[in-house]
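Trainee: I would like to take a close look at a single part of this model, and I would be glad of a slow, connected explanation.

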Amino acid sequence: MTTDVILKIAISGVLTGLVYGLMALGLSVIFGVVRVVNFAHGEMMTIAMYLVIVAFNALGLDPFVMLVPISAVLFALGYLMQRAIINPFINRPEHSQFMLLVAVALVIVNALLLIFGPDSQGVTTSYSFDSFDLGGIIIDAGKVYAAIAALIVAVLLFAFFRLTLTGKAIRACADNYNGALVVGLNVKRLYALTFGIGAACVGAAGTMLMIVTDVTPAIGPAYTLLAFVIVITGGLGSMPGAIIGGVLIGLTEALGGFFFTPSAKSMFSFAILVLILLFRPQGIMGRRTA
Amino acid sequence: MASKTRVTRRTFTAGLGAAGIVAGTAPFNIISAQGAPLKVGVLLPRSGAQAGIGQDCQRGVDVTAGLLKDLKLPALQIMNGDTETNVEVARARAERLINEGAQLLVGAFDSGQSTAIAQVAEQKGIPYVINIAAAPPITEQGYKFVFRNFPVAGRILSDAFENQIEIFKATGNAPKTAVFMHVNDTFGTAMQKGFTAVMGKFPETPYKVVETIAYDGTARDLSVEVAKAKATGAEALVMVSRLNDAILITRELIKQRWSPKAVLSMGPGWYEDQYLKTLGKFADGPMSFVPWYDPNKKLTKALEAALAKAHPGVNLNTNHVYTFEALLVAADAYKRAGSADPKALADAIRATNIKDNVSPGPGIQFDAKGQNAALKNSAIQNRGGKLVTIAPASASNAKPEHPMKPYDKR
C-alpha cells in the first residue's frame, strides 16, 4: 500500500469525522445544559436530510443554500419540542425521559416512512462527483466543503456560548441550576433555547451529510448510536470534545477499515469507546465528577 | 300382491329426460368452476426493508389481468398479503390467506419468507408457485404442492460465468484481474462462497480475483472500501450488492477517479431504475448477470407494452417478469385442471408446458421436484438509461460494449 493511499484515507476519515462531530455537538450541548439524553437525535437529523431532498427536488436548491433555513426549521422544532413535550419530563426519572424520546424517535421514523417511502434518496449537485488532486492524493470535494461548513458552524457556536449574554446565561444554567434560578434567569426558556440550538446543530450536520451520502428513514437510529459513541469518547457535555471525538471516530473507522476489513469498521469505533470507558470514563475532554 | 317392476314407455322417457338434464348440466359444473376466478393469495414484502421490491413485484401483478384475458386464460381473483419482510409474518399471512379462501399462493421474493410459506402450503395442501427465491433447499424437500419458476443460486452463477466468457470472446478484450466486493449479509456471503466454488468449474474465465472485500451494506460511506479496491490495481470490479451501496460505490469510483474496464454485477442494484435515474450518464456500462427475460419473445413485448401503459417510465425487470409468470402458471393450470381442487391444480401445475412465455429458455416446465430447471439467465448492460440484453446470444437484443467508457470521458 502506498503512502498517498493511506494519507488519502486518513484525510477522508478526518473530513467525515468533522461532520459527525457537528452532529454529536448538538447532543453534547443538549445534555450539557438540559441534562436530558436525546434518544431521537439521529432521527431529528433525518428530518433535516429529507428537508434537503424536498428543497432540492422541488426548487433545485443546493444543500449549502439550505444550510441556514434548515437549521432554523430544526431550531424551531427543537424549541417547540422542548417546551411542549420534554419540559414536563425534566424532573421525572431518567427512564421516563428515555421512553419519551425513544417514542419520539419511533414516531419520526414511521412518519418519514409514510411520507417518503423506504427507498434511499439523495441529491446530485454540480460538485457531487468532483474531487481534488493534491499531488496524487485524491480528496472528495463534497467532503471538503461539508467539513469546512461544519467547522464554521462549530466555531460560531463556540463564539455564541462564549461571547453573547444568552450563551453565558445558558452556560450558567449548565454550571449551577439553582444559582441560575436565584439570579432570576428564565431557566425554562433557556432550556428550550438550548434544545433548539442542539437541534439546529443536527439540522446543519444533516444538511452537510446530504452532500456526501443518501438518506433512508431507517438510518436515524444508526446516527443516534454514532452520536453517542462520539460524545462519550469526546466527553459528555464537552463541546470541543464532540468535535475531537468525531474526528477520532472518523479517522479510526477509515484506517481500521483499510488496514483490516472494511465490514468491521464500526467495530473499531466501539473498541475505542470501550477503552475510553475503561481508562477515562469522563471522555477525552470531559470533566471528572466527584 | 307382488309388484312387478318394468320399464314403461313413460318411465323410460322420464329417465331419458333426467339423464339428459344430468348430462346437460355436467359440463356446466366444470364451466362454473372455470367461470369463477381462481382465488390467488399473492404474498409480497410490501412493507419493511424489502418494501420497494415488493411494490415493484406488485407492478407485475397489476398488468396480469389484461394479459391473461388476451391469452384466453381464466381470470384470477388476487388476494394481497404483506409479509412485512419478516419470515414469521410471511408464515402467518399465508395461513390467513388460506383460511380466507385462497386456492393457490404466489410469492414471496425472498428465500427465507418463501421457505416459510412453502411449509404452510405443503401442510395445508394448497399449491404454491414461487415467483422469486433462489435458495436451492426450497425445492429439495420433496414437497408436492410447491413449484418454483426461478433459477437456483448455483444456476445463476454458472450461467453468469458462461455469459461472461461469451461476452469477452465476442469483444476480444478481457480483464486479467478483478477485485470482488460483496455485502456482508446472508445473501452477499452466500454469493461470495458460491462464486468462488463455481469459478473453479470455468477455467476459461479470463480474470483472477486478486482481492475480496466484504463491506457493510448499510454503511453510510464506502470510500475506504473503494480506495482499497482501487489500490489493488485490478482491471475489473465484480460486485454483489444492493441498490443503495451500488449507488454509493459508483459515486466513489467517479470521485476517486477509478474507471475499471468492467463492472460485473452478480446481484441487484446496478440495473435498477433508481440506479439509472440517480446516476444518469454515470450509470451506463455495468453488466449484470441476472435472471431476466428474453426480449425477442412475443409475450415479452406484450408484457413490456402493458407495463409501459400501467407504469410509464418503469423498465421491465426480473420482479415484474417472474411475478407475472407465476400468475401465468396459476391461470394456465386452472384452465387445464378444470376446477379449483388443490390436488387437481397441483397435478396440472406439474404438467405445465408453456412455450409462449417471457423468461429465457425453452419455456415453463417443472421437474419432479417442482423446479423449472430449464430456465436460462441473462447478461444485461446499462445503456443510455435503458437496459439491453447482451448474452446469451440466443436471447439478446444488443452487442456488448466492453471495455466500459471511462467515467471522466462521459
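Trainee: What distance separates the centres of domain 1 of chain B and domain 2 of chain B, taken over C-alpha atoms? Please stay with chain B after that and take me through its sheet.

Mentor: Please keep in mind that this is a predicted model. The centres of domain 1 and domain 2 of chain B, taken over C-alpha atoms, are separated by 29 Å. Each of these domains is assembled from two stretches of the chain, with domain 1 covering 36–151 + 295–350 and domain 2 covering 154–290 + 378–409. Where they meet, 8 residues of domain 1 of chain B are in contact with 10 residues of domain 2 of chain B, and the side that domain 1 of chain B contributes has 5 nonpolar and 3 polar residues, with no charged residues.

Now to the sheet. In chain B there is an open sheet of 7 strands, which follow the order 7-6-8-9-10-11-12 with mixed pairing. Strand 7 (208–215) and strand 12 (386–391) of chain B stand at its edges, and because each has a single partner strand, one side of each is left without a neighbour in the sheet. On average, and with direction ignored, neighbouring strands of this sheet are turned by 25° against each other.

It helps to follow one pair of strands in detail. As a general point, the strands of a sheet pair through backbone hydrogen bonds, either parallel or antiparallel. In chain B, strand 10 (residues 287–290) and strand 11 (residues 378–383) run antiparallel and are joined by 4 bridges. If you look for B:Ser288 in the structure, you can find its bridge partner, B:Ile380, in strand 11 of chain B.

A helix belongs to this picture as well, since helix 6 (residues 153–171) of chain B packs on the sheet, where it touches strand 9 (262–265), strand 10, strand 11 and strand 12 of chain B. The direction of helix 6 of chain B makes about 85° with that of strand 12 of chain B, the strand that stands at one of the edges.

Finally, chain B also has a partner, and the contact between the chains takes 27 residues from chain A and 25 residues from chain B. On the side of chain A that touches chain B, the elements giving two or more residues are helix 1 (3–34), strand 2 (137–140) and helix 10 (239–259) of chain A, and the largest share, 5 residues, comes from helix 1 of chain A.

Conventions
Residues numbered from 1 in each chain as written. Chains lettered and ligands numbered in written order. Predicted model: local features only at pLDDT ≥ 70, side-chain atom pairs only at ≥ 80, totals over all residues. Contact = placed C-beta atoms within 7 Å. Domains from an automatic or database assignment. Nonpolar A, V, L, I, M, F, W, Y, C, P; charged D, E, K, R; others polar. Pairing = 2+ DSSP bridges. Axes fitted to C-alpha atoms, helices over the stretch in contact; angles between N-to-C directions.
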